[in-house]
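Subject: Structure for you to look at

Hello,

I am passing on a structure that you have not worked with before. Please open it first; my notes on what was found follow below.

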Amino acid sequence: MATTHKPVLGLLSGISCVSGVDYYRGISERFGALVGAGKLMPPNPLLMMASVDCDSYAHAITEKRWEDVHEHLLVGIGKLVAAGIDVLCIASNTATWPSRR
């Protein structure tokens, strides 16, 4: 029996726990609506979540320490990549990722 690879979503939260919960709920509900009923209960998406410290992130932004902002987010992203995710979503309505100049 052949197995099919199911993509694993990585969800980076902690920028705000509120948005992390909202994203998780919304992704799970939408996935269930698209996939349909399971055998006994609604299916869940394959999802891994990591959190970063909101206070450190916000402090670095207010001081315009952009390298620290990048490094702070990359710590959480690195954990998700090491766990084997295929796709990344940053659960934030206000994430700041300044471009390098």
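Along the sequence, the protein chain runs in the order β-α-β-α-α-β, which gives three helices and three strands. Please keep in mind that this is a predicted model. The chain has 101 residues, and 30% of them count as buried. Its accessible surface is about 7,100 Å², with 60% of that belonging to carbon and sulfur atoms. If you take the contacts between residues at least 6 apart in sequence, 73% of them join residues at least 24 apart.

The core comes next. The largest nonpolar core is made up of twelve residues: Val8, Leu12, Ala50, Val52, Tyr57, Ala60, Ile61, Val69, Leu73, Ile77, Leu80 and Ile85. Two helices, H2 (54-62) and H3 (66-82), each supply at least two residues of this core. H3 provides the largest share, four residues.

Ser19 is worth selecting in the viewer. This residue sits in helix H1, which covers residues 17-35. What does the side chain of Ser19 reach at 2.7 Å? The partner is the backbone oxygen of Ala91. Leaving aside residues up to four places away in sequence, Ser19 touches Ala91, Ser92 and Asn93. With a relative accessible area of 6%, Ser19 falls under the 20% limit and is therefore buried.

Now the charged pairs. Side chains of opposite charge can pair when their charged atoms come close. The whole structure contains three salt bridges.

One of these joins Arg25 to Asp22, with the closest N and O atoms 3.6 Å apart. Both residues belong to helix H1 and are three residues apart, so about one helical turn separates them. Arg25 is partly exposed at 43% relative accessible area, and Asp22 is also partly exposed, at 42%.

Arg65 takes part in a salt bridge with Glu63, at 2.8 Å from N to O. Arg65 also forms a salt bridge with Asp68, where the closest N and O atoms are 2.3 Å apart. Glu63, Arg65 and Asp68 are thus linked in a network of salt bridges. As for their exposure, Arg65 has a relative accessible area of 30% and is partly exposed. Glu63 counts as partly exposed at 45%, and Asp68 is partly exposed at 36%.

Regards

How values were computed
Residues are numbered from 1 along each chain as its sequence is written. This is a predicted model: local features need pLDDT of at least 70, side-chain atom pairs count only at pLDDT 80 or more; totals for chains, interfaces and linings use all residues. Side-chain values use heavy atoms; hydrogens and water are left out. A nonpolar core is a set of buried Ala, Val, Leu, Ile, Met, Phe, Trp, Tyr and Cys residues joined through side-chain atoms within 4.5 Å. Buried means under 20% relative accessible area, exposed over 50%, partly exposed in between (1.4 Å probe, protein chains only). Contact means heavy atoms within 4.5 Å. Accessible areas come from the Shrake-Rupley method with a 1.4 Å probe; for residues, only the protein chains shown count as cover. A polar contact is a pair of N or O atoms within 3.5 Å; within protein, one must be able to donate a hydrogen and the other to accept it, and residues adjacent in sequence count only if both atoms are side-chain atoms. A salt bridge is a side-chain nitrogen of Lys or Arg within 4 Å of a carboxyl oxygen of Asp or Glu.
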